[in-house]
Amino acid sequence: MFLGTHTPRLDDKGRLILPAKFRDELAGGVVITKGQERCLYVFPMPEFQRIAEQLRAQPMTSKAARAYGRVFFASAHDEVPDKQGRVTIPAHLRGYAALDRDLVVIGASTRVEIWDKAAWESYLAESEDEFADIEEGVLPGGL
């Protein structure tokens with residue numbers, strides 16, 4: 001499970017050093033793809049394969065499943081982190097997430113998310129009030 005918030009920097013070659021606490025689980029290979037809210041999702045290969053199976057199980061007649069799958073798979077980039085735990089983020093994904101030098105990398109349970117630092121701070125400021133007001137439904141039975 002991926003947890004926590006980290007603030008690495010993107011180097012001049014578009015590479016990110018993965019947080020040390022995530023490296024063991026990601027060492028076998030990752031898939032980086034477009035996420036929602038203009039962040040990037042980073043999945044360990046087994047988790048990406050599990051999600052791919054779920055998408056394949058959707059009927060071809062589902063317009064939403066086709067649309068989601070197209071964006072999800074077409075933007076995906078697979079890679080094995082190097083010995084220093086670095087991965088290259090392709091230019092099209094850096095552009096999508098408006099990644100500059102300063103990043104925020106968060107653990108989001110089964111995936112890692114990469115955010116532009118300013119975008120993360122804006123998202124967090126907007127969503128904290130909503131978080132406080134979330135009622136039962138997100139967590140059936142509550143905490």
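Q: Starting with Arg101, how accessible is this residue?
A: Arg101 counts as partly exposed, because its relative accessibility is 38%, and partly exposed covers the range between under 20% for buried and over 50% for exposed. The model under discussion is a predicted one.

Q: Which residue does Arg101 form a salt bridge with?
A: The partner is Asp12, and the closest N and O atoms of the two residues are 4.0 Å apart. This pair links distant parts of the chain, since 89 residues separate Arg101 from Asp12. Arg101 sits in the loop between helix H4 (91-96) and strand S7 (103-108), while Asp12 sits in the loop between strand S1 (5-6) and strand S2 (15-17).

Q: And Asp12, buried or exposed?
A: Asp12 counts as exposed, because its relative accessibility is 79%.

Q: Where is Lys13 found?
A: Lys13 is found in the loop between S1 and S2. Lys13 counts as exposed, at 62% relative accessibility.

Q: Leaving aside neighbours within four places in sequence, what is Lys13 in contact with?
A: With those neighbours set aside, Lys13 is in contact with Thr88 and Arg94. There is also a distance to Pro90, a residue 77 places from Lys13 along the chain: the C-alpha atoms of Lys13 and Pro90 are separated by 9.6 Å.

Q: Back to salt bridges. How many does the structure hold?
A: The structure holds 7 salt bridges. One of them is the pair of Arg101 and Asp12, and another joins Glu47 to Arg50.

Q: What about Glu47 and Arg50, where do they lie?
A: Both residues lie in helix H2 (residues 45-56), 3 residues apart, which is about one turn of the helix. Their closest N and O atoms are 2.6 Å apart.

Q: Glu47 first: buried or exposed?
A: Glu47 is buried, because its relative accessible area is 12%. Its partner Arg50 counts as partly exposed, at 40% relative accessibility.

Q: Which side chains meet in a salt bridge at 2.4 Å, N to O?
A: Those are the side chains of Glu53 and Arg56. Glu53 and Arg56 also both lie in helix H2, and they too are 3 residues apart, about one turn of the helix. Glu53 is partly exposed, with a relative accessible area of 46%, whereas Arg56 is exposed, with 55%.

Q: Changing topic, how many helices and strands does the protein chain have?
A: The protein chain has 5 helices and 8 strands. Read along the sequence, they follow the pattern β-β-α-β-β-α-α-β-β-α-β-β-α.

Q: And the overall shape, what box do the C-alpha atoms fill?
A: The C-alpha atoms of the protein chain fill a box of roughly 45 × 40 × 30 Å, taken along the principal axes. The radius of gyration is 16 Å, which agrees with the value near 15 Å that a compact globule of 143 residues would have.

Q: How many of the residues count as buried?
A: Of the 143 residues, 37% count as buried. The accessible surface of the protein chain comes to about 8,900 Å², and 53% of this belongs to carbon and sulfur atoms.

Q: What share of contacts join residues at least 24 apart?
A: Among contacts between residues at least 6 apart in sequence, the share is 62%.

Q: Last topic, charges: how far apart are their mean positions?
A: The protein chain has 18 positive and 22 negative charges, and the mean positions of the two sets are 10 Å apart.

Key: Residues numbered from 1 in each chain as written. Predicted model: local features only at pLDDT ≥ 70, side-chain atom pairs only at ≥ 80, totals over all residues. Heavy atoms only, no water. Helix = DSSP H or I, 4+ residues; strand = E, 2+ residues; numbered from the N terminus. Rg over C-alpha atoms; globule rule 2.2 N^0.38 Å. Buried < 20%, exposed > 50% of the residue type's maximum accessible area, 1.4 Å probe, protein only. Contact = heavy atoms within 4.5 Å. Areas by Shrake-Rupley, 256 points an atom, 1.4 Å probe, with all protein chains shown as cover. Lys, Arg positive; Asp, Glu negative; His and termini not counted. Charge placed at Lys NZ, Arg CZ, Asp CG, Glu CD.
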